[in-house]
Structures are given as C-alpha cells and as structure tokens.
Amino acid sequence: MLPPVLIISISVVAIEVVVGFTGNGFITAVNIIDWIKNKKISSTDMILIFLSTSRFILQVTILMHIHSLYFVDVLRLASVYKAFGAVWMFVNHASLWFSTWLYVLYCVKIINVTQWLLLKIKLRISGMVPWLLLGSMVISSGTSLPLLWITPSTYLCSSTGNCGENSTAHITDWNSSHLYLLLLYFVGCFFPLVLSVVTSALLITSLWKHMKKMQCYVDTFRDPLIHVHLTAIKSIISFLVLYLSSFVAQMLLILSTSESKDDVKVAVSLVVAGAYPSIHSIILIIVNSKLKLAFRILCQHFKCHLENMTLSPI
C-alpha cells in the first residue's frame with residue numbers, strides 16, 4: 001500500500017498529464033491544420049509542433065516512470081528501463097532546446113539590432129530553424145544514447161527506497177551510475193538554459209532602451225512594441241522558473257537512493273516535475289495570438305453545442 005502523500009501526488013500528476021496532453025495536443029493540432037490549409041508553415045509554428053510533440057512524449061515518460069516506480073518490478077525491466085531512460089533524457093533535452101529556439105526567435109524578431117552579425121542572423125533566422133531543430137535532436141541524442149551502456153544497477157532501486165533483494169551487491173555501481181546520469185542530464189541542460197538566460201537579458205535590455213527613448217511620451221505603456229516586449233519577457237521568465245523548478249525536482253528524483261525514504265520529497269518532486277510541460281503549454285496558448293483565437297473559437301463551439309443539447313427536446 002502506497003503512503004497517502006504518494007497517492008495524492010500521483011493523483012495530482014495524473015491531472016497535470018491530462019492538462020498537458022490536452023494543451024500540447026491542441027497546439028500540435030492547430031498548427032498542423034493551419035499548415036495543411038495554407039500549404040506552408042512559419043518558423044514559429046514549426047518550432048511549436050516539435051515542442052508540443054516532444055512535451056507529449058515527455059509526459060508519457062513521466063507516467064511510465066511513476067508506473068515503474070510503484071507498480072512494476074523494475075528488476076525484471078532493467079534492460080527495457082535503460083531504453084526508457086534514454087528516451088526520457090532525449091525528449092527532456094530536445095524539449096528544452098526547442099523552447100530555447102522559440103524564445104531566441106521571438107527575441108531576434110522583436111529587438112532592434114544594429115550590429116552586422118546580429119542583423120544577418122535576424123534576416124536568416126527563419127531559414128535556419130529546420131537546421132537548428134535537427135541539430136538540437138542530434139545534440140540530445142548525444143546526451144541520451146550513452147544511457148544505453150550504463151549499468152542496469154542504476155535502475156534497480158526506486159525513488160521510494162524499495163530495492164530488490166540483490167540490490168546491495170550493486171551499491172557501488174549504482175552510485176557511480178547515478179553520477180554518470182547526473183552528469184549527462186546537467187550537460188544536456190546547461191547550454192540551452194544559458195542561451196535562454198542570455199535571450200531574456202537581451203529582451204530586458206531592449207525593452208529598457210526602448211522605454212528610455214519613449215519616456216517623453218505620456219502613453220508609453222500603450223506603445224505596441226513595449227507590449228510585445230513585456231509579453232515575451234513574461235513568457236520566457238515563466239518558462240525559466242518552471243524549467244528550473246522541474247530541473248531541481250528531477251535532480252532530487254535521480255539522487256533518491258536506497259538510503260532515502262523521504263516520501264514527501266519524492267511526492268513533491270513528482271508534482272513539480274510534472275507541472276512544467278503542462279503549465280508551459282497553457283502559457284504558450286495564452287501568449288500566441290493564433291492559438292488563443294483558435295481556443296476561443298473552440299470554446300464557443302462547445303458552448304453552442306451544449307446549448308443545443310440543452311434546448312433540444314427529449
């Protein structure tokens with residue numbers, strides 16, 4: 001029988017996954033339908049399709065992770081679990097890279113650049129997006145495929161502290177394997193996170209310079225460029241907060257050993273890790289005008305459908 005705190009956390013994660021599936025599925029569907037209808041796709045929509053699809057797969061791996069921890073004998077699944085670990089690492093890092101490129105694209109389109117190199121990047125960024133996405137998947141593969149050669153003892157102990165009878169024979173391998181896992185996870189996250197921080201700094205600097213130029217006007221905050229800056233900054237800062245929280249939570253889950261039986265820590269970590277792909281999909285819908293409009297139309301359609309069902313004779 002699972003402790004009550006873990007039952008509650010798994011229930012919350014299940015709700016987060018449903019929200020994430022709905023949000024990311026909606027983003028993917030809207031952009032693919034628009035792509036088919038217009039026979040072309042913008043660089044932003046392309047990134048959003050890759051991002052929402054990777055998030056969808058990421059949440060599947062979260063469910064599999066919980067299922068393997070509490071409902072499956074992981075000793076029987078050690079070889080399969082290595083492949084699962086590689087898939088989880090790949091979609092985690094790829095999702096982070098896709099989010100980073102999305103905000104880099106926003107940044108390049110919004111800020112006014114005068115330097116020759118930045119201006120050249122701004123003019124060519126749309127054509128670079130497919131190669132950036134491909135490169136992101138290659139890099140993510142490089143930080144995830146090594147998990148296939150990691151010792152299976154990494155997966156013999158669950159985060160709740162429940163280990164098999166022969167797990168004590170692998171404690172040394174287990175510790176070294178987890179250090180290797182942590183290293184791969186950190187290396188794969190470091191560069192896109194740094195790039196995201198740099199992007200947010202550029203946006204804030206651009207906003208400050210623009211406001212300084214417009215300070216003589218009374219209606220400064222009605223300036224559409226300032227509104228675009230603020231929307232992009234809020235979006236990227238919320239992304240950074242969500243991802244850094246998820247990063248810490250997943251690090252704690254990886255660090256959970258057979259000596260760690262803190263159910264509260266595991267429960268909170270699972271909830272925080274599961275919140276990132278779900279909440280961020282909602283934020284993407286809110287800040288994207290096309291997705292927001294499609295969501296309003298969908299809500300109106302459901303509202304009319306419910307009204308017709310209510311008014312129809314029995």
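Reader: Where is lysine 39 found?
Author: This is a predicted model, in which local features need pLDDT of at least 70, side-chain atom pairs count only at pLDDT 80 or more, and totals for chains, interfaces and linings use all residues. Residues are numbered from 1 along each chain as its sequence is written, and side-chain values use heavy atoms, with hydrogens and water left out. Helices (DSSP runs of H or I, at least four residues) and strands (runs of E, at least two) are numbered from the N terminus. Lysine 39 sits in the loop between H1 and H2.

Reader: Is lysine 39 buried or exposed?
Author: Buried means under 20% relative accessible area, exposed over 50%, and partly exposed in between (1.4 Å probe, protein chains only). The relative accessibility of lysine 39 is 72%, so this residue counts as exposed.

Reader: What is the phi of lysine 39?
Author: Most residues other than glycine have a negative phi. Lysine 39 is not glycine, yet its phi is positive. The value is near 65 degrees.

Reader: How many helices and strands are there in the protein?
Author: Read along the sequence, the pattern is α-α-α-α-α-α-α-α. The count is eight helices and zero strands.

Reader: What percentage of the residues in the protein is buried?
Author: The protein has 314 residues. Its exposed area is about 17,000 Å² (Shrake-Rupley method, 1.4 Å probe; for residues, only the protein chains shown count as cover). Carbon and sulfur atoms supply 72% of that area. The buried share of the residues is 46%.

Reader: How many salt bridges are there?
Author: Side chains of opposite charge can pair when their charged atoms come close. A salt bridge is a side-chain nitrogen of Lys or Arg within 4 Å of a carboxyl oxygen of Asp or Glu. By this rule, the count is two.

Reader: Which lysine meets aspartate 34 in a salt bridge?
Author: The N to O distance is 3.3 Å. Aspartate 34 lies in helix H1 and its partner in helix H8, 256 residues apart. At 24% relative accessibility, that partner counts as partly exposed. The partner is lysine 290.

Reader: Which aspartate has its closest O atom 2.5 Å from the N of lysine 290?
Author: This salt bridge ties helix H8 to helix H2, so it joins parts that are 245 residues apart in sequence. The aspartate is buried, at 8% relative accessibility. One network joins this aspartate, Asp34 and Lys290 through shared partners. The residue is aspartate 45.

Reader: Which side chain joins that of serine 99 in a polar contact?
Author: Serine 99 is found in helix H3 (residues 78–110), and its relative accessibility of 0% makes it buried. A polar contact is a pair of N or O atoms within 3.5 Å; within protein, one must be able to donate a hydrogen and the other to accept it, and residues adjacent in sequence count only if both atoms are side-chain atoms. Here the distance is 2.8 Å, and the partner is arginine 55.

Reader: How many aromatic pairs are there, and how is the pair of phenylalanine 26 and phenylalanine 295 classed?
Author: Rings of Phe, Tyr and Trp (its six-membered ring) pair if their centres lie within 6.5 Å; planes under 30 degrees apart count as stacked, over 60 as edge-to-face and the rest as tilted. The count is 14. The rings of phenylalanine 26 and phenylalanine 295 have centres 5.9 Å apart and planes at 85 degrees, so the pair is edge-to-face.

Reader: Which helices do phenylalanine 26 and phenylalanine 295 lie in?
Author: The two residues are 269 residues apart. Phenylalanine 26 is buried at 15%, whereas phenylalanine 295 is partly exposed at 41%. Their helices are H1 (residues 4–38) and H8 (residues 289–311).

Reader: Which residues inside the largest nonpolar core have the most contacts?
Author: A nonpolar core is a set of buried Ala, Val, Leu, Ile, Met, Phe, Trp, Tyr and Cys residues joined through side-chain atoms within 4.5 Å. The largest core has 54 residues. Those with the most contacts inside it are Tyr185, Leu203 and Tyr243.

Reader: Which element gives the largest share of this core?
Author: Elements giving two or more residues include H1, helix H4 (116–144) and helix H5 (171–214). The largest share is 17 residues, and it comes from H3.
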